[in-house]
Amino acid sequence: SFAHDAILVCVPSGSFVTARSGQITALMARVAKAARMNACIVDYRLAPEHPCPAAVDDVESVVCELIARGQRPERIALVAVSSGAAIALATAMRLRDAGIGLSSVTLLSPWTDLALTGLSLVTKPLTNQSGMSLEVAALCAHLYLQGVSPLDPVASPVYGDLSELAPMLIHTSRADALHDDARALSQRAFQAGTDV
């Protein structure tokens with residue numbers, strides 16, 4: 001049986017500019033089933049028509065609406081893929097600053113550094129081990145940022161205050177172009193005292 005008092009808020013990928021794919025929908029469904037939780041997938045507004053922080057505003061709005069309807073924050077978990085991780089983590093930081101603590105944050109192949117400093121973004125596509133390239137990432141980041149600094153935590157939460165966040169689970173692999181993003185996030189969150 002599902003935990004009816006808990007909900008998984010899913011933030012899909014799409015490099016900030018494309019709508020949720022059927023593959024991502026299926027992945028989120030499998031995660032929700034494995035977690036035995038009801039799920040809500042947030043189809044946030046997309047860049048370039050709606051640049052940063054519109055997507056963060058949308059996810060925050062969904063979580064706040066769930067709370068307004070009686071959902072306890074400590075029974076809300078965030079799960080996000082790739083670019084959705086930046087949006088989800090920025091949302092978790094906003095909620096923490098507002099005194100709202102979530103149960104957990106799960107990030108799959110997280111892209112949380114729009115300054116694109118991870119070396120794996122260059123090396124992995126060269127070996128055909130990852131579908132994301134530095135050029136594509138740079139274009140998508142440009143369309144999403146539109147004047148927001150890539151070092152601003154609302155866009156790149158890895159540069160923000162990662163303390164006092166819900167326990168964080170981060171998945172990556174050595175073949176992942178975003179592997180260095182995941183490692184940097186893990187290290188910085190751990191140094192800030194968050195359970196990673």
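**Helix α5 and the strands around β4**

In this predicted model, helix α5 exposes Glu135 and His142 on the face turned away from its buried side. The buried residues of α5 are Ala137, Cys140, Ala141, Tyr144 and Leu145. These five cover an arc of only 125 degrees around the axis, and therefore lie on the same side of α5. The general geometry fits this pattern: an α-helix has 3.6 residues a turn, so residues three or four places apart point the same way.

The length of α5 was also examined. The helix comprises 12 residues, 134-145. At 1.5 Å a residue, the expected span is 16 Å. The end C-alpha atoms of α5 are 16 Å apart, in agreement with that value. Just after the helix, glutamine 146 adopts a positive phi of about 40 degrees.

Strand β4 spans residues 104-108 and is mostly covered. Of its 5 residues, 4 are buried. Strand β4 pairs with strand β3 (residues 76-81). The two run parallel and are joined by 5 bridges. Within this pairing, valine 79 has threonine 106 of β4 as its bridge partner. Helix α3 (residues 84-97) completes a β-α-β unit with β3 and β4, and the unit is right-handed.

Strand β4 also pairs with β5, which covers residues 168-171. Here 4 bridges join the strands, again in parallel orientation. One of the bridge partnerships links valine 105 to methionine 168 in β5. Strand β4 is thus bridged both to β3 and to β5.

Note on methods. Residues are numbered from 1 along each chain as its sequence is written. This is a predicted model: local features need pLDDT of at least 70, side-chain atom pairs count only at pLDDT 80 or more; totals for chains, interfaces and linings use all residues. Side-chain values use heavy atoms; hydrogens and water are left out. The expected span of a helix is 1.5 Å times one less than its number of residues. Buried means under 20% relative accessible area, exposed over 50%, partly exposed in between (1.4 Å probe, protein chains only). The arc is that of the directions from the helix axis to the C-beta atoms. Two strands pair if DSSP finds at least two bridges between them. A crossover is right-handed if, with the strands pointing away from the viewer, the path from the first strand over the helix to the second runs clockwise.
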